[in-house]
Amino acid sequence: MGKIRWIQVNAPEEGATYVYELVKEKLENDELRVIGLATGGTMEPVYEAWVQSPLDFSNTIAFNLDEYVGLDPSSPNSYAYFMNEHLFQHKTFLKTYIPNGLADDEDEECERYERLLNEHPLDIQLLGVGENGHIAFNEPGTSQDSLTHVASLTPSTLEVNGQYFENREKMPTTAYTMGIRSILNAKQLILLAFGERKRAAIEKLAEGVIDPNWPITHLLAHPNVIVISDLVEPKR
Ligand code: GLP
């Protein structure tokens with residue numbers, strides 16, 4: 001099992017600076033051909049720092065972790081919209097990929113996405129974490145060998161993420177998500193988690209035992225993980 005590098009920071013902005021330096025160095029050394037991106041409030045300061053910088057992503061391919069099934073990229077709740085708002089309309093990438101929420105055939109869309117990931121192995125994957133320990137939309141109980149699939153969102157995720165939907169009745173209850181194996185295939189994983197809401201998940205990870213009820217703990221199976229957090233690394 002790999003050893004996690006814990007980076008203790010005081011605030012999300014400090015975490016964003018850490019990611020910035022790391023990404024900058026990899027870009028300069030031509031070690032960042034493919035980057036995996038994530039959505040959520042946690043990522044906003046990270047993308048803000050990139051947007052305000054001269055970083056050049058024009059030779060980098062970007063993949064996003066997930067997308068709601070049934071949402072159009074023009075829907076403000078879609079992750080395509082989020083990425084465009086916070087990053088893609090400000091920075092040019094060689095190519096950006098995100099699951100197509102409007103695909104006719106869900107199975108085909110999952111296969112297409114996984115195939116693209118195989119063609120372009122991820123150098124880095126950025127990750128946030130849900131309060132219930134989900135990574136991307138891999139909910140508790142998801143197999144470590146899972147590939148890109150359609151996940152049913154748990155009541156907890158529907159509750160937490162539902163706050164962003166004006167009309168909760170219209171919130172999708174399923175989403176495309178890279179699987180845990182698709183994520184573990186990346187060369188390096190960088191997870192960011194800030195605030196008390198994430199404490200339970202971070203403490204589970206720090207316990208150092210893989211528990212399928214806490215998808216975040218599958219990161220323990222990866223040899224190169226950095227966790228950036230304002231939550232004190234709990235004693236082991
Ligand atoms: C969603 C995404 C996750 C993300 C999580 C946390 O559920 N599918 O990839 O990690 O939100 O979001 P936030 O950063 O807003 O807490």
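Guide: A polar contact is a pair of N or O atoms within 3.5 Å. The model discussed here is predicted.

Visitor: How far is a nitrogen atom of the ligand from a polar backbone atom of alanine 136?

Guide: The cut-off for a polar contact is 3.5 Å between N or O atoms. The pair formed by a nitrogen atom of the ligand and a polar backbone atom of alanine 136 meets that limit, with a separation of 3.2 Å.

Visitor: Which residue has a polar side-chain atom 2.7 Å from an oxygen atom of the ligand?

Guide: Among the 14 residues around the ligand, those that come nearest are Gly41, Thr42, Asp66, His134 and Lys198. Aspartate 66 places a polar side-chain atom 2.8 Å from a nitrogen atom of the ligand, whereas the side chain that reaches the oxygen atom at 2.7 Å belongs to lysine 198.

Visitor: How much of the 390 Å² that the ligand exposes when taken alone does the protein bury?

Guide: Polar contacts to the ligand come from, among others, the side chain of aspartate 66 and the backbone of alanine 136. Of the 390 Å² exposed by the ligand alone, the share buried by the protein is 93%.

Visitor: Is glutamine 125 buried or exposed?

Guide: Glutamine 125 lies in strand E6, residues 124-127, and, leaving aside neighbours within four places in sequence, its contacts include Leu37, Leu65, Met178 and Ile190. Its relative accessible area is 0%, and since buried means under 20%, glutamine 125 is buried.

Visitor: Which residues of helix H2 are buried?

Guide: Helix H2 spans residues 44-51, and the cover over its buried residues includes helix H1, strand E2, helix H3, E6 and strand E9. The buried residues are Pro45, Val46, Tyr47 and Trp50.

Terms used. Residues numbered from 1 in each chain as written. Predicted model: local features only at pLDDT ≥ 70, side-chain atom pairs only at ≥ 80, totals over all residues. Heavy atoms only, no water. Helix = DSSP H or I, 4+ residues; strand = E, 2+ residues; numbered from the N terminus. Buried < 20%, exposed > 50% of the residue type's maximum accessible area, 1.4 Å probe, protein only. Contact = heavy atoms within 4.5 Å. Near = heavy atom within 4 Å. Polar contact = N/O pair within 3.5 Å; in protein donor to acceptor, adjacent residues only side chain to side chain. Areas by Shrake-Rupley, 256 points an atom, 1.4 Å probe, with all protein chains shown as cover.
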